[in-house]
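Dear colleague,

Please find below the sequence and the structure that I am handing over to you. My notes on what was found follow directly after.

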Amino acid sequence: MVAMIQKRGLRDFDWLLAFLAIGIVGFGTLQIRNAQPTENYWVKQLIGLGIAIVAMLLVALNDYRKLINIAPAFYLFGLVLLVIVLIPGIGLRINGQRAWIKVPGIGQFQPSEFVKVTTAMMLARYFGKHRDGVLTLKEMAIGGLILALPIFLILLEHDVGSVLTYLPILAIVLFLSAIRMRYVVGAVVLGVLLLPAAYWVGVKTHLVKNYQQERINVILDPENADRRGFGYNTWQSILTVGEGGLLGADTSAAHSQSSLKFLPEPHTDFIFAVTAGNAGFVGCILVLLAYVILLSRLIAGAKRAPDRMGMLVIMAIVGGLTCQIFINIGMELGLLPVIGVPLPLMSAGLASLIATFIAIGFAISVQLRRFVN
Amino acid sequence: MKFEDTSQNLRSRLWIVQSLILLMLALLGVRLYYLQLVRGQYYAEIAQNQRIRLLPIPAPRGDILANDGKTALANSSPIYNVILSREDLRDRKLISLAKPLAEALAVDGDILLDRFEQIGSQPAFESILVKQDASPGDIAWVEAHELEFPELRVEQQPQRRYPANGMLAHVLGYVGEISPEQLKQPNYKGLKPGDVIGLSGLEQTYDDYLRGKDGYRKVIVDSRGRIQDEIETIAPQPGQDLVTTIDLDLQNVAEEQLRTSVTQRGVIAVMNPNNGEVLALASAPTFDPNLFSRIGTKEGRAEYVAVLNDPQKPLINRAVQSRYPPGSTWKIPMAVAGLEQGAITLDDSNLVCGGGIMVGNKFTRCMGNHGTPDLKTAITKSCDGYFYRLGLKMGLDGIMTMIDEFDLNKRTGIDLPNEVLNMTPSRELKKRTQGENAEWKDIDTVYASFGQVYDVITPIALLRTIAAVANGGKLYVPHLLKELKPVGEAGAPDYRPGRSFQPLDSTRPNPKVLPIPEDMHHLVVEGMWGVVNNGGTGAAIRMAGFDIAGKTGTAQVVGLGKDVGKNKDHSWFVSYAPAYQPEIALVALIENSGFGGQHAAPAVRRVYDVYYRKTRNAEPPGALPVAKTPKPENKIPVKKPETQIAKNQ
């Protein structure tokens, strides 16, 4: 059977998906180098890419059903990592968040990125059974619980941004697991109505703190918000993006927004702004197109999945990736408040890179086994 | 779908998800289009501006020079200042920096706080001076604390320097930072808070010319304001050098005479009667104009407050900002006007002295009893009784005509700021000072005719009058500007052409010509000549061969001659020389020193001595016994002196 898969592998292996991902990382590495020419982040990223490709192959060449069947073990392992990160001495505190584990030789590692994959696997396992009717409340509650455990631990790290990228994983799994349409519509309508109302009540009752209001104001009107304080990051990001124009800024590399340190965290959270500044509108649209093709390819794979479990694990991953891409780029374009969420495949960071490639490995694995039943 | 799909429309749900994803990414694309293509130009400009910093290179002011065109009276030398730049302040509170900076740089914390509050509240402020004239230690401290205080910078700046002994302080004036009120004025357009402007004296009058145009360094800074690269440097253009009409030798002796006078208060001003150039202008007590550059320190501020509150008022330029009754010096224009108006004639100028005059029931006395003197004798002996009667013959209207003809109801137009207007007699003046029902009476005319009560004028106005009498009726506008030197290449866009003096009020004729018939002129001059040379009230200063014509005066402070203590009368002496070919005119006033001839005249003699040595290359002759009055036609011809003054005619 292994031989058969390997022979078939050459034909059915999703080369486009793999190379698209590697291509985006390569382009991203170039931008990391642009952002921090004097640091070796880009070298680390290339090393990370090597590790990530190995991890992807390992996952792709194994049967995803076997992996998902032991998902509870991965899930538990992930929870343990999230607990470990909270232990002072092991967990690194950066910008008030204790979200990193120090790994000798490579640097730091963010478990919450990795746990996203194990959580998606766990959800896929639970909801992946053959299904006849609509979702029961009990099923929804258990799904919520699977998500709630890691979210609770991540909140203890004060890493709100990561939490936001977890929610769509459950949402998409529930949606595709035949949740009643009226719940979906109800949730959307309620959200649209309640969110501004809750914000208004929060402001009036001072439950929403001043600095939180400031952050909202920055998004509503970055131009006139506190450009030197709360609005600084957003404003500098907008300037960097805007300066890129059609084909990239004509400013010399030594005088760029990132070189002169106007743009904060240019190699991680604000890598897309760096890209926009260097490659302009054309480059940005090409990057967005690459993401669209990547995501479409994954969805196509999900549609051809031999079972519900395979379909769900791919779509959970798609939900997580899309949400991260949208939050990160939205933040860099001044559409969303500044939240520390990396841009998948482009931001410098080992955990995010490996997690994304493992996710892609799953998708490839599902595709490789679409004719086996 | 490979597997059995019995749940609710999985295929369409996947389609919904996919559409949603495309929609989200499309939204990002639209936003990119807006930011990069629609607004790209705008953001690029802002991004460029935040990394480009224009660091001003302050331009030195033009030097102020003596009339030799070489000796500097005020110049600028570079010092280092520690300044705080607004752009690099980011969200730090200005006020919170006052204390640590005051401690580290040894400046007064309260003063610094004041500056921060005053300048920091102005929207246009770019930088604030933290410490002036920083020591190498201060500079090292700023450089060592670049990370902690990135908003600090050391800047080279020209510092104005004046003679430390206060010489010419009232003429030169001083500079200081522009005030918020001045910033709003149209003539200071283009200046920013912290810029240095002339605040007094010539520095103020000719500020536009003396002020240079700042240059700048265009540099690239990082987000903390640290300079990374320099793109271009535009050198500053210095201001125009100003050559004054001041003759340093005369100025020095004039100031020395005031310094060594009884009360050490007064005015000596010297003018070329042939063109209005002021050769010396001394006002005592004086002050050190350098004090205003020390005002940022505790000691400097205390010094400033002391000068400001000094009851002797050293900041006042007494020559143009103080008024005094002219006393008997008033008799000179009275004499000219009396002849011109026909109150007396050349053939019959005799009037009764009578030891005084009885008007109504009030007797106003003369200092002596001169019989029935002619005009010449009345001037020489300073006969009050004569001029009471002359005044009554001319009447108030005649006196007012005289005042108008000699421009005494106007400012002289000297090129110094804040000149005060004389007070001169009129019916309105009496009503204004003594009530609506106070009618002008003959006794008032008597007062107005001998330079007291209703006549209160500036020394510079009196000097101008005497100079006009000296030259036969030409009233020049007194001025201190000889020349502003050009700066830059002729034809270049930043070329600033040179210029000579023009009255600030361009509608005023310069000179204003007062037609005094020559014979009348000679008669008055004979009287003035006699004051010094024919046993008159100024006989003590006579110089043989150098005919000084003059007139003593006593300005009543409380009541003429009544107080002999602190409020003694002011002593005047106005003069010019040589009597029939004037080269130099002079006014001297020693405050509260008593009778005119006694103190003011000897001080004047020292000035003439210096002038004589300078122009005749010989020792001045001492006082000689009274000689016979020379007639103008047979006067001793004086060799035309080869002096700078002569060349300037």
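**Backbone features in chain B**

With 19 C-beta neighbours inside 10 Å, Asn592(B) counts as partly exposed, because a residue needs 20 or more such neighbours to be called buried. Please bear in mind throughout that this is a predicted model. The phi angle of Asn592(B) is near 50°, a positive value in a residue other than glycine. Asn592(B) is placed in the loop between β21 and α20 (596-616) of chain B.

A second asparagine, Asn617(B), also has a positive phi, near 50°. Asn617(B) belongs to the loop that runs between α20 and α21 (644-647) of chain B. Is Asn617(B) buried or exposed? Asn617(B) has 9 C-beta neighbours inside 10 Å and therefore counts as exposed. These angles deserve a remark because most residues other than glycine have a negative phi, and most peptide bonds are trans.

Two cis peptide bonds should also be noted, one from Asn510(B) to Pro511(B) and one from Ala577(B) to Pro578(B). In the bond that leads to Pro511(B), omega is near 5°; in the bond that leads to Pro578(B), omega is near -15°. Pro511(B) is found in the loop between β17 (499-500) and β18 (512-513) of chain B. Pro578(B), for its part, is in the loop between β20 (570-577) and β21 (584-590) of chain B.

**A hairpin in chain B**

Strands β13 (residues 356-359) and β14 (residues 362-365) of chain B pair in the antiparallel sense, over four bridges. Gly356(B) has Arg365(B), in β14(B), as its bridge partner. The two strands, β13(B) and β14(B), form a hairpin with two residues between them. Gly360(B), in the turn, has a positive phi of about 60°.

**Domains within each chain**

Chain A is divided into domain 1 (2-177 + 209-368) and domain 2 (178-208). The C-alpha centres of these two domains of chain A are separated by 26 Å. Nine residues of domain 1 of chain A are in contact with six residues of domain 2 of chain A. On the domain 1 side of this contact, α8 (160-176) and α10 (210-220) of chain A are the elements that give two or more residues. The residues on that side of domain 1 of chain A divide into four nonpolar, three polar and two charged.

Chain B is divided into domain 1 (53-242) and domain 2 (254-284 + 317-647). In chain B, the C-alpha centres of domain 1 and domain 2 lie 44 Å apart. The contact between them takes 17 residues from domain 1 of chain B and 17 residues from domain 2 of chain B. On the domain 1 side, two or more residues come from each of α6 (169-172) and α8 (201-205) of chain B. The largest share of that side, four residues, is given by α8(B). By class, the domain 1 side in chain B has seven nonpolar, eight polar and two charged residues.

**The contact between chains A and B**

How many residues does the contact take from chain A and from chain B? Chain A gives 50 residues and chain B gives 37 residues. On the side of chain A, at least two residues each are supplied by α8, α11 (232-244), α12 (271-303) and α13 (308-332). Of these, α12(A) gives the most to the side that touches chain B, with 12 residues. The side of chain A that touches chain B consists of 30 nonpolar, 10 polar and 10 charged residues.

With kind regards

Terms used
Residues are numbered from 1 along each chain as its sequence is written. Chains are lettered from A and ligands numbered from 1 in the order in which they are written. This is a predicted model: local features need pLDDT of at least 70, side-chain atom pairs count only at pLDDT 80 or more; totals for chains, interfaces and linings use all residues. A residue is buried if 20 or more other C-beta atoms lie within 10 Å of its own, exposed if 12 or fewer, and partly exposed in between; C-beta atoms are placed from the backbone. Two strands pair if DSSP finds at least two bridges between them. Domain bounds come from an automatic or database domain assignment. Two residues are in contact if their C-beta atoms, placed from the backbone, lie within 7 Å. Ala, Val, Leu, Ile, Met, Phe, Trp, Tyr, Cys and Pro count as nonpolar, Asp, Glu, Lys and Arg as charged, and the others, Gly among them, as polar.
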